[in-house]
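Reader: I'd like a close look at one part of this model rather than a full tour. Could you pick one helix, walk me along its packing, and then show me what lies elsewhere?

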Amino acid sequence: MTRPLWDKGQAEVDAAAQRFCAGDDVVLDRALFVHDLRASRAHVAGLARIGVLPAGEAAALIDGLLELEGLFSAGEFVLDERFEDGHSAIEHWLSERLGDVGRKVHTGRSRNDQVLVAMRLYLRDALATTASHCLDASEACLTRAEQTAMLPLPGYTHLQRAVPSSMGALLAGHAEAFLDDVMIVRGAAAALDSSPLGTAAGYGVNLPLDREGVARELGFSRVQVSPVYAQNSRGKLELLAVSGLHQALLDVRRLAWDLSLFATAEFGFVRLPDAYTTGSSIMPNKRNPDVVELLRALPAVSEGAMIELSSLLSLPSGYHRDLQASKAPTLRAFMRGLEGLGLVPALIGRIEFDAARMRAAITPELYATDRAIELTSAGLPFRDAYRQAALDMHGLADRSPEASLSARVSLGGAGQLGLDRLRARLEQLRR
C-alpha cells in the first residue's frame, strides 16, 4: 500500500492496523471515484479563482484529473490494495504524473469534505435513477391497468375472497404507489442538494475559498453553510436517501408478493414470463419465480442499511472515524436496490393473465356487499341491510362481475378507476 496521506514520515505504520482502518474503502470508492474526480476539478478551479493556484498549474491539474477519469473508465487505472482509498489514489497519481504540482490538489480541503461531496454527488444521481425507475414502474402498471380495467379479479381482505374487483384496480393501486415514491425520493434529493466542499475537517480553512462558485459548478442548489453540520450530517443524509429508496422497495415487495401469490397453481391468475423464472435443480416439472422472490427480499437490504446508518448517529459533534462505516451500507443498498427496481417495468409489461381462472374465482357470495348497498340505497338502514344480505345469499348467482364492477362509480372504484388522473400525474412528474 502507498504511504497514507496523513503520514509525516516519522511514525511507524503498522500494516495490519492500516488494513483494518482502510477496510474496504478502496473497493467501495470505485463507485464514488468519478464523483471524487469531478469534485476535485471543481475544487482546483476554485483555488485558481482566488489566486492560490496559478492558472497554468490549475490547468495541468484539471487535465490530469480528466486523464485519470478516462483511464479509470477504460479500466486502465484500477483502485486496488495499493491505495488506502480513492482520495489517496488521486493524489498519488497526480503527484507521480505532475510532481509538486500534483501535491497541491489537496490544498484547502480534507478527506472529510472530499468524501462528503463525492457521496453527495453519488446520492444525487442514485436518487434521480430511483425516481426514474419508479416513474417507469408506475407507467408499466398504469398501462396494464388500462388494458385490464374490467378484467374481473376477486378483491381480497385477510387473504380471503371478499368482493368482485378487477386486475386494473389492483394495478392502478401499484401505479399510484410508485408515483408517491417519486415525490418521497425527490424530497430526499432536495434535502441533500447542498455542497459540503470547502468545510474541510469541520471547521473551515484560513483561505477565502469560493464555496458558492464550486457549488454552482457541481450543480448544487446551495452551499451547506456550517462546517460543523457538514460533518454531523454524514450518515444522516445517507439515511434519508436510503429511506427514500426503502419506500420504493417496500412497494416493489408488495407488488412481488401479489405476483408470486397469484402465479401459484392454487390461484393460477398470473403467468410469469419464462425469462424471469428458473428451473429446479432436481424437479423437471418446476419453474420457480426466483426474480419475483428476490424482489420481495429487496427491502431487507435497505432496511439493514438504515439500521447500520442510524447506529452511527449517536456520536458527538465533529468527525469520528466511525463515520467511515456509513459508506458500505449506503452503496450496498442503492446498488442492489436499483438493480431490482429497474427490473419491474419490463416484468409488469410481460406478465400474462388467465381471465377464465380469475372470473371463475368470483363466486356468488362475493356479491353480498353489493346487495347490502343496494338495499341501503332503497332506504333500509345499512346494518339491517347487512344482516338481510347475510341471511339471503340465494338470488346472487345470476349476477355478473362486469355489472358489479360497472356499478362502482365512486372515484377510484372499478367503474371509475381514475386512470386518466393517474396518467396526468405521471406526465406531470416526468416533466
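Author: What follows is a look at one helix and its partners, and then a few other spots.

Some housekeeping before we start. This is a predicted model, so local features need pLDDT of at least 70 and side-chain atom pairs count only at pLDDT 80 or more, while totals for chains, interfaces and linings use all residues. Residues are numbered from 1 along each chain as its sequence is written, and side-chain values use heavy atoms, with hydrogens and water left out.

Let's take α6, which covers residues 111-147; helices here are DSSP runs of H or I with at least four residues, strands are runs of E with at least two, and numbering goes from the N terminus. One partner is α12, residues 327-341, with an axis 10 Å from that of α6 and an angle of about 20 degrees. Those axes are lines fitted to C-alpha atoms over the stretch in contact, and the angles run from 0 to 180 degrees between N-to-C directions. That makes α6 and α12 roughly parallel (angles under 35 degrees count as that, over 145 as roughly antiparallel, 65 to 115 as roughly perpendicular, and the rest as oblique). Their crossing is left-handed, meaning that the near helix is turned anticlockwise from the far one by less than a right angle, whereas clockwise would be right-handed.

Who touches whom? From α6 you get V115, M119, Y122, L123, A126, L127, T129, T130, H133 and C134, and they meet K327, T330, L331, F334, M335, L338 and L341 of α12 (contact means heavy atoms within 4.5 Å). By class that contact has twelve nonpolar residues, four polar and one charged. Here Ala, Val, Leu, Ile, Met, Phe, Trp, Tyr, Cys and Pro count as nonpolar, Asp, Glu, Lys and Arg as charged, and the others, Gly among them, as polar.

Now for another neighbour of α6, namely α10. The two axes come within 11 Å and cross at roughly 20 degrees. So α6 and α10 are roughly parallel, and α6 passes α10 in a left-handed crossing. On the α6 side the contact is made by M119, R120, L123, L127, T130, C134 and C141, facing L237, E238, A241, L245, A248 and L255 in α10. That set splits into ten nonpolar, one polar and two charged residues. Put the two lists together and M119, L123, L127, T130 and C134 turn up in the contacts with α12 and α10.

You'll have spotted the cysteines in there. C134 is buried at 0% relative accessible area, and C141 is also buried at 0% (buried is under 20%, exposed over 50% and partly exposed in between, using a 1.4 Å probe and protein chains only). A disulfide is a covalent bond between the sulfur atoms of two cysteines, called here when a pair of cysteine sulfur atoms lies within 2.5 Å. The count by that rule is zero. For C134, that's because the closest cysteine sulfur, in C141, is 11 Å away, too far for a bond. C141 is likewise in no disulfide, with the sulfur of C134 as its nearest at 11 Å.

Staying with α10 for a moment, this helix spans residues 236-262 and includes L240. L240 is partly exposed at 33% relative accessibility, and it touches A188 and A191, leaving aside residues up to four places away in sequence. A188 and A191 lie within the span of α7, residues 167-191.

That brings us to α7, which packs with α18 (residues 419-430) at about 25 degrees, axes 11 Å apart. α7 and α18 are therefore roughly parallel, and their crossing is left-handed. Here A172, E176, L179, D180, V182, M183 and R186 of α7 meet L419, L422, R425, L426 and L429 of α18. The class count is eight nonpolar, no polar and four charged.

Last stop, a loop. Most residues other than glycine have a negative phi. H158 has a positive phi of about 60 degrees without being a glycine, and L159 also has a positive phi of about 60 degrees. H158 sits in the loop between β1 (152-157) and β2 (160-166), and L159 is in the loop between β1 and β2 too. H158 is exposed at 73% relative accessibility, and L159 is exposed at 65%.
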